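The following exercises are to be worked with the sequence and the three-dimensional structure at hand. Each task is followed by a solution in steps.

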Amino acid sequence: MTRLVLPMMAAALLTTPLTAQNRIDLIRPDAPELAAHGPHAVGVRTITLTDPGRIDVISTEATGTPPLYDREIKVEIWYPAADGTEPGGDYTAFLRDGETEVTLTGIAARDAAPAEGRYPLILISHGYPGNRFLLSHLGENLASKGYVVVSADHPDSIYSDLGAFTSTLVNRPVDQAFLVDSMAALEGEIGAVIDAENTGIVGYSMGGYGALIFGGAGLSETAITRAEPEAFVPPQNLLARNAAGSAELADLVDPRVKAIIAIAPWGRNRDFWDADGLAGLEKPLLLVAGSQDDVSEYASLRQIFEETTSTERHLLTYISANHNAAAPIPAPVEAWVMSETLGWAPFEHYADAVWDNVRMNNILQHFTTAFFDLHLKGDTEKAAYLDLIEIAEDGVWSLDDTGAPQPDHTYWTGFPDRTAKGLRWESLSAD
């Protein structure tokens with residue numbers, strides 16, 4: 001019966017107006033406090049940034065001088081918009097199959113004038129494969145709270161341009177550094193509102209891999225010298241630029257980057273780092289993981305948490321969630337249909353078998369807001385949202401008649417009663 005009903009449901013959904021589908025801006029009534037949109041209207045623009053003279057990893061042969069090319073990166077920029085901006089707009093994006101175009105709807109107004117002031121910069125970096133819209137819910141949400149957010153289509157790593165994995169291994173942290181530099185140097189009315197001296201990074205899966213390296217976690221000797229599998233071995237030892245202790249890595253680390261959020265970062269499960277390399281990360285870190293992650297592997301994500309000993313860090317675990325914990329937008333309605341190209345429904349690229357996407361997104365928006373407000377804006381009141389008992393269900397709800405917490409109140413800060421469920425929070429200080 002299920003096999004019949006689901007296609008019928010998908011077909012029915014596909015007949016509804018596109019403007020009623022695929023919202024990326026949903027906030028559930030039971031969402032934690034800081035998930036709510038902020039006071040700013042949101043604008044969005046699309047531009048292409050070009051890094052000239054980048055090594056062409058895919059075209060590099062085993063010997064000879066690596067060829068260079070101009071690496072073009074298309075980005076979406078969300079930003080606080082001027083008062084009076086009418087909210088709402090659509091995006092056109094590819095599904096996971098790289099062929100099907102879908103319409104996403106959110107609160108951002110295309111090409112709106114920016115608000116006055118200067119705002120910290122956030123870079124969002126997707127996985128392999130992904131695209132600049134995969135975490136668009138977070139881009140809009142943060143912009144409404146006074147951040148400029150840039151989200152990239154990383155070449156060779158997007159649905160419609162999927163190249164060899166070796167390119168992503170080499171290029172991802174370099175892309176991230178280039179994007180921060182480019183946004184800091186951006187001219188015009190958008191450039192004028194960017195405070196790149198206070199920058200945060202959000203990386204999902206391979207975006208998290210890049211963010212940890214960009215933050216100073218150099219790759220292991222194993223990662224640099226391994227001979228197999230071929231998919232992990234770039235030509236001519238090109239990964240050496242990201243090795244622990246290398247001069248290139250030291251130059252890559254950017255003092256403007258003040259905090260990093262790594263969601264299910266890939267790599268420790270394949271020994272791309274060891275404890276010594278991870279100890280090179282000195283920036284505040286929030287790790288986000290699903291306890292059933294079988295891609296980056298939860299045990300390996302816990303190793304990252306334990307081995308980043310040179311910094312204050314937190315680990316937020318979605319109990320029973322897999323690799324899609326927190327990050328992806330809700331599966332577009334078109335993703336419910338079986339893809340002949342993939343041989344499976346793209347739905348599973350976005351969704352989790354246990355958790356609702358909107359709930360996962362709202363929880364991520366809440367903690368991302370607290371973490372970046374604390375570390376990029378110096379809002380020390382947000383520290384209370386990061387000082388929690390470990391198991392959410394162990395929290396005690398105890399308020400008096402005026403709503404003031406009683407001495408035995410230990411419920412997770414910002415979560416409505418009966419909603420802090422299925423989550424674990426751990427924190428460690430630098431050694």
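Two strands are taken to pair if DSSP finds at least two bridges between them. The structure is a predicted model.

**Exercise 1. The neighbours of strand 7**

Task: Determine which strands pair with strand 7, and in which sense.

Solution.
Step 1. Strand 6 and strand 7 are joined by four bridges and run parallel. Within this pairing, L123 stands opposite V150 in strand 7.
Step 2. The connection between these two strands passes through helix 2, and the resulting β-α-β crossover is right-handed.
Step 3. Strand 2 (residues 68–81) is joined to strand 7 by five bridges, and this pair runs antiparallel. Here V75 is found opposite A152 in strand 7.
Step 4. These pairings belong to an open sheet of ten strands, with mixed pairing and the order 5-1-2-7-6-10-11-12-13-14. Its edges are strand 5 (109–110) and strand 14 (423–428), each of which pairs on one side only.

**Exercise 2. Burial of strand 7 and helix 2**

Task: Establish why strand 7 and helix 2 are described as largely enclosed.

Solution.
Step 1. A residue counts as buried under 20% relative accessible area.
Step 2. In strand 7 (residues 148–153), six of the six residues are buried, so the strand is largely enclosed by the rest of the structure.
Step 3. Both faces of strand 7 are covered: V148, V150 and A152 are buried on one side, and V149, S151 and D153 on the other.
Step 4. For helix 2 (residues 136–143), eight of the eight residues are buried, so this helix too is largely enclosed by the rest of the structure. Among them are H137, E140 and N141.

**Exercise 3. Helices on the sheet**

Task: State what strands helix 9 and helix 11 touch, and at what angles the helices lie.

Solution.
Step 1. Consider the pairing of strand 10 (residues 194–204) with strand 11 (residues 257–263), which is parallel and extends over six bridges. In it, Y204 stands opposite I263 in strand 11.
Step 2. Helix 9 (residues 298–307) packs on the sheet and touches strand 12 (285–290), strand 13 (313–318) and strand 14. The direction of helix 9 makes about 30 degrees with that of strand 14.
Step 3. Helix 11 (residues 357–377) also packs on the sheet, touching strand 6 (119–125), strand 10, strand 11, strand 12, strand 13 and strand 14. The direction of helix 11 makes about 160 degrees with that of strand 11.

**Exercise 4. The nonpolar cores**

Task: Identify which residues of the largest nonpolar core touch the most other members, and follow the contacts of Y209.

Solution.
Step 1. In soluble globular proteins, nonpolar side chains tend to be buried together.
Step 2. The largest nonpolar core has 62 residues, of which V148, Y209, L219, F272 and W273 touch the most other members. Helix 3 supplies the largest share of this core, eight residues.
Step 3. With residues up to four places away in sequence not counted, Y209 touches T168, L169, P173, L219, L239, P265, W266, F272 and W273.
Step 4. Apart from this core lies another, of 61 residues, among them L134, L135, A259 and A326.
Step 5. T168 lies in helix 3 (residues 165–184) and counts as buried at 3% relative accessibility. Beyond its neighbours within four places in sequence, T168 is in contact with Y128, D156, S157, M206 and Y209.

**Exercise 5. Salt bridges**

Task: Determine where R132 and R268 lie, and what parts their salt bridges tie together.

Solution.
Step 1. The count of salt bridges comes to 22.
Step 2. R132 and E76 meet through their side chains in a salt bridge (2.7 Å, N to O). R132 lies in the loop between strand 6 and helix 2 and E76 in strand 2, so the pair ties together parts that are 56 residues apart in sequence. Both R132 and E76 are buried.
Step 3. R268 forms a salt bridge with E307 (2.9 Å, N to O). R268 lies in the loop between strand 11 and helix 8 (275–278) and E307 in helix 9, so this pair ties together parts that are 39 residues apart in sequence. R268 counts as buried at 10% relative accessibility, and E307 is buried with a relative accessible area of 16%.
Step 4. In the salt bridge of R28 with D30 (2.8 Å, N to O), R28 is partly exposed at 28%, and D30 is partly exposed at 25%.
Step 5. A network of salt bridges links D51, R54, R71, D156 and D175.

Notes: Residues are numbered from 1 along each chain as its sequence is written. This is a predicted model: local features need pLDDT of at least 70, side-chain atom pairs count only at pLDDT 80 or more; totals for chains, interfaces and linings use all residues. Side-chain values use heavy atoms; hydrogens and water are left out. Contact means heavy atoms within 4.5 Å. Axes are lines fitted to C-alpha atoms, for helices over the stretch in contact, and angles run from 0 to 180 degrees between N-to-C directions. Buried means under 20% relative accessible area, exposed over 50%, partly exposed in between (1.4 Å probe, protein chains only). A crossover is right-handed if, with the strands pointing away from the viewer, the path from the first strand over the helix to the second runs clockwise. A nonpolar core is a set of buried Ala, Val, Leu, Ile, Met, Phe, Trp, Tyr and Cys residues joined through side-chain atoms within 4.5 Å. A salt bridge is a side-chain nitrogen of Lys or Arg within 4 Å of a carboxyl oxygen of Asp or Glu.
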